[in-house]
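Me: Please take me through the structure shown below by question and answer. I would like the reasoning before each result.

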Amino acid sequence: MQLPKKRGRALAVSTALLALVAPGLAQQAQAAPATPHRDATTAVTYHGLTLDVPSTWTVVDLEKAPDTCVRFDRHTVYLGHPGAEQACPPHLVVDKTDALLLEPIPGTVGRQASDVLRVPQGAAMPRTLLVGSDQESRVAVEGAGVLVTAAYGASSNATVAAILGNARIDATAAKPAAPAPAPAPAPAPAPVPKAFGALTAQPAVVADTGYTGPGFDACTAPSPSTMNAWKASPYRSVGIYIGGRHLGCSKQPELTPDWVREQTSNGWYPLPIFVDRQAYDISPTDAVNQGRESADTAVAKAADLGFGPGTVIYNDMEHYDDRSYRDRVLDYLSGWSSRVRERGYRSGVYAGVRSGVQDLASVAGDSDYAGPDVVWSANWNYQADVSDSSMGLPGPGFWSNRQRVHQYRGEVDETYGGVTLNIDRNYIDVGPAGTQPVVAAQEDSSRVKGDFDGDGRDDVAVLYDYGKDGERNHSGLWTFTSKGAGFNAPRQVWDSGSDSWNWASSKVTVGDFNGDGKADIGVLYDLGRTDDGRNRTRLYTFTSTGSGFTGPQPAWDSSTDAVSSWNWATSKPVVGDFNGDGKADIGVVYDYGQAADTANRTAVWTFTSTGTGFAGPKLAWDSATDAVKSWNWAAGKPVSGDFNGDGKADIGVLYDYGKTGDISRTGLWTFTSTGAGFSSAKQVWDSSTDPVKSWNWAASKPVSGDFNGDGKADIAIAYDYGKTGDASRTGLWTLTSTGAGFAGPKLAWDSATDAVKSWNWNASKLVAGDFNGDGKADIGVLYDYGRTGDISRTGLWTLSSSGTGFNSPQQVWDSANDAVKSWNWKNSKVG
């Protein structure tokens, strides 16, 4: 196969500046030769903003050449808004370099104010720039009414920063009535949100219907009129490039949430593509974390465009000939896939048939790697199908459940409805959301008490994935029992052995289900679909014997219940003694999707413990009959605990309201147990009315426990501040129960001021419990150190409660010093 070439078709322009005359403005763009010196520069003036750029750079007037492909792999200054129909090749993957785009602030579209550095009128130009994940920095020069996009290479943005730092504004500068980027809010004692891009407040567009048939991709999103004209084509799927540091066509004026919603409603199936790290710039020692960071950025961009959970997001990994890149690519894509799924989306990978596809197939089923949900193979064999041979896969057992896309021809001109596009051709066979399990932005576990041996101190359990032994899925259950001042080494208490147990199909709950004083383990298990198309789910229990656990026993099966069909993928389990009888029950927050009136419907079902099993599920709350009416399941992270101290467990939900400008809004709601059900949902905290103002839901991992020992459960949230240089910063905040509600969040621990200094939120899986038996709940963290060679290293840390906060984290176990030696954090579900 001949892989796509980086072929450019941008219109040739003179290196001399082309004059731009905007309505009502005289001499808005001009060039004057600088005084010759060793590094000659040329003065470029646009709307009264003058920049001194290297004389070797090209200057392009986009008003006179609107179909110019705005690409940042060439030293160019672009003046004006990028055109709607740019003449770009369909598959442009580049190494960015120093380049500039200057455009009027009025009329800019698809820009996020949160990543724009404002320079108010009269203020000095900045000497340093915000560092963007896509190697682009944006500066709003309000005195000239100009938005500057400064692209730079992988090494440094020093050149473009120096150019902007020396920029000047003269008397001809435009005076815009109102700048587009909103002023940043006044500083507040709030978490500094990482740019995750929480779910938008507008209804999400979820490509959940699946699609089988031909499609195309183009470098820039075509205009609505072009998309309408191309309804005469055989294609009904369109690939769109949403971001990444190697994206060649990063300036796409048409690509907005409105465009996505309009095209989806018009019958187009979108394929969002993210072009980030390539094989040669992946770190061999930090590849997994780099993949997770790419996933966070991609999910943020997808969510900003209105793509909701369940959407497949494709990582574009171009062909690589150097076989020494294999391991780092696989680690990077494994980090990508696991993190995309944690965020509630599906993972896709676009790769060359002779490199990435072969390498992914070689580790399919290997528990050390998280594989993608969908593979997109670049193999230009002119065969419009997804057969094993066209995909370059060794057989039918690889991504066979409608999980394939085949790019079978590239860079062809086609005309429909009188409009010509240069495209790549694809054949798509992708199932709807729900055909592959997706973790909805949280860990698959819930617990209230975890004292497995009945000694008064909580322990930790891990359901561990060993991968596949032939056709058999192999899983094990391990426990770390507390000894008060630490934990004993992990001990395996169950192994699936000759039976098959699919770790990926398991959601873990922990509670004392039979009331004997020892915690048991429940697993909500996905059995797929029945022959007649019903979703089948089963509830298993592992009963504690004090020294171990009995093997899993089926306690409920949807196929024999009145509900008949139960979708595991739309279930978030929580556990607690909801009726106050001394035995833990299981609750499930269940997604019914979106009704015809666009209201999101969510329900809470309870499985009440009988002591020897569970009663069938009972509907305990339904948003459709509640005052809230609409409740977005994907925007909620549920926890459980006795928040009012009445002896009955309640449910709390950290809820995402999305982002408005620079402000991320999050709320906390509670469902108070009545004993027989739950009262109406009540909002007990809202970041928008709190001194914190902005709170990023996507950067939050909540757990529940009685952290101050007053008999009422509180909520703790591990919060991600992102990275500063090489240091990752994480904070631990608590919302303390008052009985009738919750006090505002209080910062109880901060890695930046702790001896640890750096703490990676992405590498942390949290669990709460009273590990030292002092009556106050502590926090446990299973922590990922990554892999060195064939050895995966994992640690267990605890932050013990002081009553008013948390003590510095202590490492209580390290796989590197244990008999197990290697422990794969990615294959661990903590309970």
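**Strands, helices and burial**

Me: How many bridges join β28 to strand β29 (residues 600-607)?

Reply: Strands β28 and β29 run antiparallel; helices (H or I, at least four residues) and strands (E, at least two) are DSSP runs, numbered from the N terminus. Two strands pair if DSSP finds at least two bridges between them. Within this pair, Gly 593 has Arg 601 of β29 as its bridge partner. The number of bridges joining β28 to β29 is eight.

Me: What kind of model is this, and which atoms do side-chain values use?

Reply: The model is predicted: local features need pLDDT of at least 70 and side-chain atom pairs count only at pLDDT 80 or more, while totals for chains, interfaces and linings use all residues. Residues are numbered from 1 along each chain as its sequence is written, and side-chain values leave out hydrogens and water and use heavy atoms.

Me: In β28, which residue is the bridge partner of Val 575?

Reply: Strand β27 (residues 571-576) pairs with strand β28 (residues 585-594) in the antiparallel sense, over six bridges. The bridge partner of Val 575 in β28 is Ile 586.

Me: How many helices and how many strands are there in the protein chain, and what share of its residues is buried?

Reply: The protein chain holds seven helices and 43 strands. Buried means under 20% relative accessible area, exposed over 50%, and partly exposed in between (1.4 Å probe, protein chains only). Of the 831 residues in the protein chain, the buried share is 59%.

Me: What share of the accessible surface of the protein chain belongs to carbon and sulfur atoms?

Reply: Accessible areas come from the Shrake-Rupley method with a 1.4 Å probe; for residues, only the protein chains shown count as cover. The accessible surface of the protein chain comes to about 30100 Å². The part belonging to carbon and sulfur atoms is 51%.

Me: Which strands are the edges of the open sheet with the order β39-β40-β41-β42?

Reply: Four strands form this open sheet, with antiparallel pairing. Each edge strand pairs on one side only, and the two are β39 (764-769) and β42 (810-814).

Me: Which residue of β40 stands opposite Ser 764?

Reply: Strands β39 and β40 (residues 778-788) pair in the antiparallel sense over six bridges. Opposite Ser 764 in β40 stands Tyr 783.

Me: By what angle are neighbouring strands turned against each other, on average, in the open sheet β22-β21-β20-β43?

Reply: This sheet has four strands with antiparallel pairing, and its edge strands are β22 (491-495) and β43 (828-830). Axes are lines fitted to C-alpha atoms, for helices over the stretch in contact, and angles run from 0 to 180 degrees between N-to-C directions. With direction ignored, the average turn between neighbouring strands of this sheet is 25°.

Me: Which residue of β21 stands opposite Ala 461?

Reply: Strand β20 (residues 460-469) and strand β21 (residues 472-480) run antiparallel and are joined by nine bridges. Opposite Ala 461 in β21 stands Thr 479.

Me: Is Thr 734 buried or exposed?

Reply: Thr 734 lies in strand β37 (residues 727-735). Contact means heavy atoms within 4.5 Å, and, not counting residues up to four places away in sequence, Thr 734 touches residues including Ile 715, Pro 745 and Phe 806. With a relative accessible area of 9%, Thr 734 is buried.

Me: How far apart are the end C-alpha atoms of helix α4 (residues 287-304)?

Reply: The expected span of a helix is 1.5 Å times one less than its number of residues. For the 18 residues of α4 that span should be 26 Å. The distance between the end C-alpha atoms agrees, at 26 Å.

Me: Within what arc do the buried residues of α3 fall, seen down the axis of the helix?

Reply: In helix α3 (residues 257-265), Trp 259, Val 260 and Gln 263 are buried. The arc is that of the directions from the helix axis to the C-beta atoms. The buried residues of α3 line one face of the helix, because they fall within an arc of 100°.

Me: Is His 47 buried or exposed?

Reply: His 47 is found in the loop between β2 (41-46) and β3 (49-54). Its phi is near 55°, a positive value in a residue other than glycine. At a relative accessible area of 7%, His 47 is buried.
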